[in-house]
Amino acid sequence: MKQTLQTSIWSYRDIRLVLPARALSYAGDAIAMIALTLRVSDGHGPAAVTALLLAFAVPTVAMIPFAGRIVDGFDSRTVLVWSGLLQVIAGVGLALVHDLVPTLLLVCVLQIGQAVSGPAWGALIPRIVGEELIGRTTGVSQALVGVATLAGSAAGGLLVGWSGSRGALLVDSATFLVLVVVAALVRTRRRPEPGADVEKGGVSAGLRSIFGDGVLRILVPGLWVFVLVGEAVNVVEVFLITGELGLGPSGYGAAGAATGAGAILGAWYSGRLRSDRTRTRGVVAGMAAIGTACVVIGLAGNFAVLLVGATGIGLGSGMLNAATSALVVTRSTDAVRGRVIAALNGTARSCSIFAMLLGGLAGTLLGPRGTFVTGGVACAVAAAAVGALVVRVKDSELEVISH
């Protein structure tokens, strides 16, 4: 085991293909989000932007019963190539249309492909690196995604200004095509074992695996709470920064960059955690950091304090997401990993949808500052509750990995 832990993830050929290609794809997603938001907001108003956000979120939720079963029931190469091609087609279609309704429909098609390909990659990577390197690989992968997303967000505006939304969306389609090629080149395969007893159910099998584990049944609901709060404060963040603090678009962009940088650092650090005990502590620490940072932002009176809070939210989010993802994968059996990841992604997206409504309501009743402070206090209480429950879990149960 000692030698395994010292092995670099980059010594695996397939990882050298997969991680950069997936990061590139996320950069394309960020470019597409900028292009589509600018397109939809031009002449349509806030309701259209809300519809766009829902088009990105709802298919992931709707696909929960099907995505995991597809991933666990078919050859990984087949699943990844065909879901990637669906995204390529949808991306090209988005580049060619301009009206609101076709745009929203094609975004839904794009996200159906993502709802399948995301769990497929998540379930395949452990086959590439082995169980002992899942945590490190997850941390590195999410850190690379963070860097790529920041770069894509910056490039998106430039591309739209240079070539319009069509050119930007064609770039996004090209990144999906790269991912399809990589899926075809990856030698590692994940297939259902012939004659093996396959656990029935889609989302039910995934949720049974999560709630059947003494650690995950505590941490995953805790994650849902933090998705609710994090997405809710995102709704009012722009009003706090540009309105009450008077920092304008540049201040809003700087806060977003600080959050992204913190998330990269948090994900990278999470990849250095080598046991379920330390990853669990990382999840709780991430939760506490998010709660504290929300309060700091809510009370911020100047740009410097705002940046400290934004970096703290990013740091906590990066650590929370990466450590939870690693725990969910390592503590799930290989046969149901696709369904577990699909269930986790879909339920988190469900929380995101509800958070949009919650954030708007909280912003109206409490104002931007009150929303951040209240959300931060709620997160701190949730972090304390999760930490207290995790402490009661026996070491023998915590360190059991069901692979």
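1. Let's start with one side chain: Trp224 is buried, at a relative accessible area of 18%. That value falls under the 20% cut-off, so Trp224 gets the buried label. Keep in mind as you read on that this is a predicted model.

2. What does Trp224 pair with? Its partner is Phe211, and the two rings form a tilted aromatic pair, 6.1 Å centre to centre with 55 degrees between the planes. Why tilted? An angle of 55 degrees sits between the 30 and 60 degree limits, so neither the stacked nor the edge-to-face label applies. The count of aromatic pairs comes to 1.

3. Where do the two rings sit in the chain? Phe211 belongs to helix 8 (residues 203-211) and Trp224 to helix 9, 13 residues apart, so the pair is one that links distant parts of the chain. On exposure, Phe211 comes out as partly exposed, with a relative accessible area of 35%, whereas Trp224 is buried.

4. Helix 9 itself deserves a look. It covers residues 216-244, which is 29 residues, and it reaches 39 Å from its first C-alpha to its last, close to the 42 Å expected at 1.5 Å a residue. Helix 9 also has a kink of about 45 degrees, centred on Val236. Just after helix 9 you'll find Gly246, which takes a positive phi of about 65 degrees.

5. Another residue of helix 9 to click on is Leu216. Is Leu216 buried or exposed? Buried, with a relative accessible area of 1%. In space, the C-alpha of Leu216 is 6.9 Å from that of Val328, although 112 residues separate the two along the chain.

6. Next, a helix pair. Helix 2 (residues 13-41) packs against helix 7 (residues 134-185) at an angle of about 30 degrees, and their axes are 5 Å apart. Which kinds of residues make up that contact? The split is 31 nonpolar, 11 polar and 5 charged.

7. While you're on helix 7, have a look at Gln142, which lies there. Gln142 is partly exposed, at a relative accessible area of 26%. That figure lies between the 20% and 50% limits, so Gln142 counts as neither buried nor exposed. Its C-alpha is 9.9 Å from the C-alpha of Ser325, and the two residues are 183 positions apart along the chain.

8. Helix 13 (residues 337-391) is where you'll find Val377. Val377 has 46% relative accessibility, so by the cut-offs it counts as partly exposed. How far is Val377 from Val391 in space? The C-alpha to C-alpha distance is 21 Å, for a sequence separation of 14 residues.

9. Now zoom out to the whole chain. How many helices and strands does the protein chain have? There are 14 helices and 0 strands, so reading along the sequence gives you α-α-α-α-α-α-α-α-α-α-α-α-α-α. The radius of gyration is 20 Å, close to the 22 Å the globule rule gives for 403 residues, so the chain is as compact as a globular protein of that length.

10. Two last figures on the overall build. The C-alpha trace spans about 60 × 50 × 35 Å along its principal axes. Of the 403 residues in the protein chain, 51% count as buried; Trp224 and Leu216 are two buried residues from the points above.

Terms used. Residues are numbered from 1 along each chain as its sequence is written. This is a predicted model: local features need pLDDT of at least 70, side-chain atom pairs count only at pLDDT 80 or more; totals for chains, interfaces and linings use all residues. Side-chain values use heavy atoms; hydrogens and water are left out. Axes are lines fitted to C-alpha atoms, for helices over the stretch in contact, and angles run from 0 to 180 degrees between N-to-C directions. Helices (H or I, at least four residues) and strands (E, at least two) are DSSP runs, numbered from the N terminus. Ala, Val, Leu, Ile, Met, Phe, Trp, Tyr, Cys and Pro count as nonpolar, Asp, Glu, Lys and Arg as charged, and the others, Gly among them, as polar. The expected span of a helix is 1.5 Å times one less than its number of residues. The bend at a residue is the angle between axes fitted to the seven residues ending there and the seven starting there. Rings of Phe, Tyr and Trp (its six-membered ring) pair if their centres lie within 6.5 Å; planes under 30 degrees apart count as stacked, over 60 as edge-to-face and the rest as tilted. Buried means under 20% relative accessible area, exposed over 50%, partly exposed in between (1.4 Å probe, protein chains only). The radius of gyration is taken over C-alpha atoms; the globule rule is 2.2 Å times the number of residues to the power 0.38.
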